[in-house]
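Have your viewer ready and keep the selection tool at hand. We will take a short walk, one selection at a time.

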Amino acid sequence: MSLSAIFPPELTPDITAVTVRGLSFYRDGRPIFDRVDLDIPRGKVTAIMGPSGTGKTTLLQLISGQLRPDAGRIEVDGVCVHELQRRDLYQLRQRMGMLFQSGALFTDLSVFENVAFPLREHTRLPETLIRTLVLMKLEAVGLRGARDLMPAQLSGGMARRVALARAIALDPLMILYDEPFAGQDPISMAVLVKLIRTLNDALGLTSIIVSHDVKETVAIADYLYLISAGRVVEHGTPRDLDCSASPWVDQFMHARPDGPMSFHYPAPPYFSDLLAEASA
Amino acid sequence: MMAWLAGMGGFVLDRLVRLGRANLFLLRLLGALRFLFQRPGLLIKQLYVVGVLSLPIILVSGLFVGMVLGLQGYANLVDFGATSSLGTVVALSLIRELGPVLTALLYAGRAGSALTAEIGLMKATEQLASMQMMAVDPFQRVLAPRFLAGCIAVPILTGIFTAVGILGGYVVSVIQLGVDGGAFWAQMQAKVQLFADVGNGVLIKSAVFGLLANWVALFEGYEALPTSEGVSRATTRTVVTTSLAVLGWDFLLTALMFGDW
Ligand SMILES: Nc1ncnc2c1ncn2[C@@H]1O[C@H](COP(=O)(O)OP(=O)(O)O)[C@@H](O)[C@H]1O
Ligand SMILES: [Mg+2]
């Protein structure tokens, strides 16, 4: 049920890439996270799942230092991200890739130049070497032939793969994936699932996937966290969660419309809300 | 009444906070300019985008404004038999006021709005955030080159606007209305002063306006809400704010430079 399910407990401290302790975060006074604890194991694929709007994207932004927590600590490789100066944070981010939900390709640059961008900005490599590296990264995502296209000419799945090639251009140690499967057709979905797993194992990466697509995510994750309403509801290996006794986990993992999780945004009781207009 | 006061107070506080943010933004922008020594290519590309591509509108507008000045000036001066001063009238109006002010307003419409939309869309589509995630500072890579290019372009565009305007005035008054060409140029040469007129108007005013126009445009884009509505509002605000700021500062600068204290 915990990390010791995949690692012996005495190894756990060195083996976590990201440690989150007592994380609280508010948006417009509304708690998005309320004292959340998480451990992301190194070299594994860890998935963080939860319904839309629970704050999965927010969590990735917190881990990568784009947002600051209101309370608690977030450590990446043993350093506290929200206490870093911009220079040090940028140093850390060179070892971190992030795949944005939208892909976030630079629309004024071709596919080739998008992937070359981090190399040009952070290295002084000669043009021939940059070309080789870019073609290698594009080959890894199967889009070497699309190098001269502009982002507007790509399909959603292709754009995401280009963004992935760009995210691994500097050979990061960790990749954060924001909803990699959302809005993909079954084929590009399968391609992405395979790609994420292969990259993780071939490059020895630590992968963090944030998603609400249960089937695909469970298929590649080594470890799962389920979050809802600002708390970690359950965590464990996919096998643990699949046979969890919790009705909430059961509802989410097997996509049942009825269960403890409500489909409604928090609201006052329906009846009194309807009457409120009349009495006002 | 209390609610009205509170509303007013809230509005003023809001504006002050925004002004403070704008100033911090400018400081960060100025700090990022150093980066351009390493990457002059970025600056040159933006000089083309904001400067060269603004040339057509500046050339055409300058020509027409100069021709109108020639016509109006002639109609007024001819009654006093003073048409030989026409060159001075056209040149001083353009150099002191119309050149810097109209160029800044045209620039805000042509280049400023485009800058706001570009930055706002880059933000809305997470391009700026993904750049930060690749450990590249958008202030250095995206904002600084656009800012410096704009600040260089506006004074040059003002100079061009003014020169073309004077040419337009010449065409109308000398070639069409028959004013003496020698007098047109000689009077202008005698009355227009290099530092007091050209220096103050074309150089200092346009430098101030250029800074204002580009600062506002980039700030509005950077602060735009990341939605299509947010970007469209920011673009409108750029044009409105720049226009008001330019006119307000023009009054101040004119009072300081040409006022009889
Ligand atoms: N920039 C923002 N300002 C205010 N609220 C936001 C912002 N971004 C997201 N939220 C809110 O924070 C909550 C979590 O958002 P998000 O992390 O995007 O959820 P998820 O990725 O799990 O769908 C949502 O309720 C959303 O409305
Ligand atoms: Mg999200």
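Welcome to a predicted model. Start by selecting the shell around ligand 1: by class it holds 1 nonpolar, 6 polar and 4 charged residues. To pick them by name, choose A:R27, A:D28, A:R30, A:I32, A:S52, A:G53, A:T54, A:G55, A:K56, A:T57 and A:T58.

**Polar contacts**

Next, show the side chain of A:R27, where a polar atom sits 2.9 Å from a nitrogen atom of ligand 1. Then move to A:G55: here a polar backbone atom is 3.0 Å from an oxygen atom of the ligand. Now click on A:T58, which has an N or O atom in its side chain 2.5 Å from an oxygen atom of ligand 1.

With those contacts on screen, switch on a surface for the ligand. On its own, ligand 1 has 560 Å² of accessible area, and the protein covers 62% of that.

**The elements behind the shell**

Which elements give two or more residues to this shell? Colour β2 (30-41) and α2 (56-63) of chain A to see them. The largest share, 3 residues, comes from α2(A).

**Along the helix**

Stay with α2(A) and ask: is it mostly covered or mostly open? It is mostly covered, with 7 of its 8 residues buried. Select A:K56, A:T58, A:L59, A:L60, A:Q61, A:L62 and A:I63 to display those buried residues. Both A:K56 and A:T58 were also in your selection around ligand 1.

For the last stop, go just past the helix: α2(A) is followed by A:G65, which has a positive phi, near 80 degrees.

Note on methods: Residues are numbered from 1 along each chain as its sequence is written. Chains are lettered from A and ligands numbered from 1 in the order in which they are written. This is a predicted model: local features need pLDDT of at least 70, side-chain atom pairs count only at pLDDT 80 or more; totals for chains, interfaces and linings use all residues. Side-chain values use heavy atoms; hydrogens and water are left out. A residue is near a molecule or strand if one of its heavy atoms lies within 4 Å of it. A polar contact is a pair of N or O atoms within 3.5 Å; within protein, one must be able to donate a hydrogen and the other to accept it, and residues adjacent in sequence count only if both atoms are side-chain atoms. Accessible areas come from the Shrake-Rupley method with a 1.4 Å probe; for residues, only the protein chains shown count as cover. Helices (H or I, at least four residues) and strands (E, at least two) are DSSP runs, numbered from the N terminus. Ala, Val, Leu, Ile, Met, Phe, Trp, Tyr, Cys and Pro count as nonpolar, Asp, Glu, Lys and Arg as charged, and the others, Gly among them, as polar. Buried means under 20% relative accessible area, exposed over 50%, partly exposed in between (1.4 Å probe, protein chains only).
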